[in-house]
Each structure stands twice: as C-alpha cells, then as structure tokens.
Amino acid sequence: RDERQARPVFAALAGAAIGISCYGYWPIRMFLPLFLIVIVLVNWSAWRRCLNEPKGVWAACVLVASAAIIMLPLLWSHLYDPEIAARGRNVGWVWEEFDSLGLKVGKVLLRYLGHFSPDFLFITGDLNPALAPPAGVGLFQWYDLPLIAIGIWTVIQRIKFSIAARVLLVWILLYPVGDFLFGYLGMHSLRSLPGLCAFGLLIAIGVQRVGNGLWTFGHSRARIAVAIILVVALASFNLLTLQSFLGKQFQLQKMSESIYPSDILDAARWLRPRLKDLDAVFITGQAIHPYIMTLVGLEYDPHQWFRDIKEIVPGPLPDGRHKFEDIYQRFGKIYFLYGESTVAALKELSQNGRPDHVVVILRPGELGLERYATPVEEIRSPAGEVKLSIFDLKL
C-alpha cells in the first residue's frame, strides 16, 4: 500500500528470496526477473514516491544488492559453464531456423495464447505421457472456471486504484513466459507452474465475491448455499478427479513409462554406503536420465561432482532417444551403459590386468550377465516384478 513505509530488513529478505528462487527449475529464471521489472513499471508512481524518501532508496538498494549477491554464482555459471549453456540450447525453440521473422513471431504468439485455452487449463493439460493427467483432467476443475472469470472481472474493476490488482493481472499475463519460446508436444505444465498461484488467487477472489453476494440474500440462505457449493465441489473432486488419479487405468498408463526411474533411485540408495570401496560402477542406460536419479540416491557431494571426470555426448542415441539432450555416459567412477562405447569401458576394465571391485546394475536380461553371476540384490516394483538386478563382481 502506498502509505506503508519502506523497510530495508524486509527488502533484504525479499531480495534473498528472489535470488534463491532463481536456482530452481530454469523457467523461473525467465519468468521472475521479467515479472518483477513489469510490476515495478505498472506501479511506478508508488515506487517513485517510495524512492523520494531516503529510507526508500536504502531499501531499494538493499533489495537489488541481496538478490544480486545470491544470484552472482548462477550468473557466472550461465556465462562460463558450457553444460548450463548446452542445457538451454537443447530445449529447442518453438520455431524452425528457416522460418521468417513474421512466422517466428506468429508461432510464439500462438503458443502464448495456448496457455489460456480451455483445453490446457480444464480438459487435457500436458500432452507429455510423463506429465499428462488422467483423461479429461486439466490443470483446474470446471467449477473453477466461473470463479476465475469473477476474479478477472474484479481485478479489472480495481486496476486503476489497486496495486495488488495490477500485480495479479501482470502475473496472469506473464505466466507463460517460461514456456512460450520453446518447442514441445503442447503446453508444458511444469514450465507453466508460476501461473498456478495467480489462478489460485483469482479463484479465491471469485469465492469471496460469491460469498459476499450470497450474504446479501440473508445469512441462513447464504450458509445453505455455501454448504451446497462445497458439497458439489468436493464430490466433483473426489468422485471424478481423485478417482481418476487413483484408478487402475492411470496407474497402468504411468507404469508403462520408463521416464519414472524410481528403481534407479532405489539402486543408488543401496549403492551409497558401498561406493567408496568400489573401483567402478556400471548402471543401465535404459531409463530417462539415470545419472540424475543416481546423483540424488547417492546424495552425491557437489564438490566431488565438479572435480569428477565426465564423459558427455550429444543426443540422439542410435535408437532416437534424447534427440535434443546431452547424454552423460560417465561421472567419476560411475558409468552408464549406452550402446557399444560404454559397454567397451566395462570390457576394458575386465582386461586391464589388475583386480577391480565392480558393481553392475542392469535390467533383467541386459548383457546376459545372469548366465555368469548371481545378483546380490534385486530392485522390485510394488507388484513384485524384478526391475533391476545388482551384481557385485571382482574383475
């Protein structure tokens, strides 16, 4: 509010929160700085009054400084770390290289507008099998639609005199920023996460306006109406949405996806107390980004990660997987089995003329190792199916 004085301590905490947030999922690094710049611009008269006071200038400086100090290592990595730069390029633009400027702008605009479509918000959601909700379920429930509409109308009514209304409207308009430049099957639900809070606030405003409207018809009638609305909403959620998520069909849909390598995570946790005594570890490449889950399961030391020798090759693999991605074949003593090149590392180790203590983690039947050795551990699915076999070998 305009009448509140600037508080440098809170400004410092806000700046720290901004800086820390940018270390999360990368679309926030696109959304958050732009969002903050725009809300300053649309509320410039209030900021100008704040900056006319010495305490306001001090608070603004502290805000920027605390954010900048925390973000400096991240900025340095973006400028000088080739792996972060490669990650940005691998996502892929929404346009093709040979497209004209007008066509590129058109594709970006269409993708931007797609984030406000009923299909993405209420019907289908994300089209990626790994992120897709059950059939007929979007990001929000259909009973949220009128509440969102009431919230938007309320914000528009108050935009001239309410700083909060202007911030919320900017939030809604900018929420696709983390996703509208990049190619994908459809709209990406994870890159669009910054918008969920804004839509949630619109729904809350809609609920408040509906409640106020019902209250004018009498308190007892309002209570009955609210009770009916709650019963309908909860029944809709529990009987339709919740049952869809817990239903057998949705579970089977996700179980068929190799993109959720929880078995790799379990194997890495088994490996964690044994890793220091091993000369090498070989892990199946038949999973999506197995090195990520391995790092998490091992609780790997970040300092060691930066010291490690790494072997990275650009996709795609011969089978077409990881088309726009880098593939980590090795970090430190841990190798991932992708085709002939990485299997050759296992053969070389077995022929180096010295005894080596090795753990090999494979899918059942992969490399046919069961014919020569017995697994010391098996990672099983909740249904009891063997997902990974772990061999402890002396080569």
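Reader: Before I look at leucine 79, what counts as a helix here?
Author: Helices are DSSP runs of at least four residues, numbered from the N terminus. Leucine 79 lies in one of them, helix H4, residues 54-80. Keep in mind that this is a predicted model.

Reader: Is leucine 79 buried or exposed?
Author: Leucine 79 counts as exposed because its relative accessibility is 58%, and the cut-off for exposed is over 50%.

Reader: Which residues make a nonpolar surface patch with it?
Author: Leu72, Leu75, Trp76 and Tyr80 join Leu79 in a nonpolar surface patch of about 620 Å².

Reader: Back up a bit. How many helices and strands does the chain have?
Author: The chain has 16 helices and 7 strands. Its C-alpha trace spans about 85 × 55 × 45 Å along the principal axes. Of its 395 residues, 39% count as buried.

Reader: Pockets next. What is the volume of the second largest one?
Author: The second largest pocket has a volume of about 1,600 Å³. It is lined by 39 residues, and those closest to its centre are Ala11, Ala14, Val40, Trp47 and Leu63.

Reader: Which elements give two or more residues to that lining?
Author: They are helix H1 (8-21), helix H2 (27-42), helix H3 (44-51), H4 and helix H9 (163-174). H4 has the largest share, 13 residues.

Reader: And how does the lining of that pocket divide into nonpolar, polar and charged?
Author: The lining of the second largest pocket has 27 nonpolar, 4 polar and 8 charged residues.

Reader: You mentioned alanine 11. Where is its place?
Author: Alanine 11 is in helix H1. With a relative accessible area of 12%, alanine 11 is buried, because buried means under 20%.

Reader: How far apart are alanine 11 and leucine 63?
Author: In sequence, alanine 11 and leucine 63 are 52 residues apart; in space the C-alpha to C-alpha distance is 4.9 Å.

Reader: What about closed spaces, how many cavities of 30 Å³ or more are there?
Author: A search of the whole structure finds 1. The largest cavity has a volume of about 40 Å³.

Reader: What lines the largest cavity?
Author: The lining is His289, Tyr291, His322, Glu325, Asp326, Ile327, Tyr328 and Tyr338. Strand S3 (residues 326-331) gives the most, with 3 residues. By class, the lining of the largest cavity has 4 nonpolar, 2 polar and 2 charged residues.

Reader: New topic. How many salt bridges does a search of the whole structure find?
Author: It finds 9. In one of the salt bridges, the side chains of aspartate 263 and arginine 363 meet at 2.4 Å, N to O. Aspartate 263 lies in helix H13 (residues 262-271), and arginine 363 is in the loop between strand S5 (357-362) and strand S6 (377-380), so the pair ties together parts that are 100 residues apart in sequence.

Reader: Are those two buried or exposed?
Author: Aspartate 263 counts as buried at 7% relative accessibility. Arginine 363 is buried too, with a relative accessible area of 13%.

Reader: And what about glutamate 299 and arginine 272?
Author: Their side chains meet in a salt bridge of 3.2 Å, N to O. Glutamate 299 counts as exposed at 59% relative accessibility, whereas arginine 272 is partly exposed, with a relative accessible area of 35%.

Reader: Which residues are linked in a network of salt bridges?
Author: Arg111, Asp179 and Arg191 are linked that way.

Definitions and conventions: Residues numbered from 1 in each chain as written. Predicted model: local features only at pLDDT ≥ 70, side-chain atom pairs only at ≥ 80, totals over all residues. Heavy atoms only, no water. Patch = residues over 30% accessible without salt bridge, like charges linked within 9 Å, V, L, I, M, F, W, Y side chains within 5 Å. Areas by Shrake-Rupley, 256 points an atom, 1.4 Å probe, with all protein chains shown as cover. Salt bridge = Lys/Arg side-chain N within 4 Å of Asp/Glu carboxyl O. Buried < 20%, exposed > 50% of the residue type's maximum accessible area, 1.4 Å probe, protein only. 1 Å grid on protein atoms, 1.4 Å probe; cavity = no way out; pocket = protein on both sides within 12 Å on 5 of 7 lines; lining within 4 Å. Points joined across faces, edges and corners; volume = space filled by probe spheres on them. Nonpolar A, V, L, I, M, F, W, Y, C, P; charged D, E, K, R; others polar.
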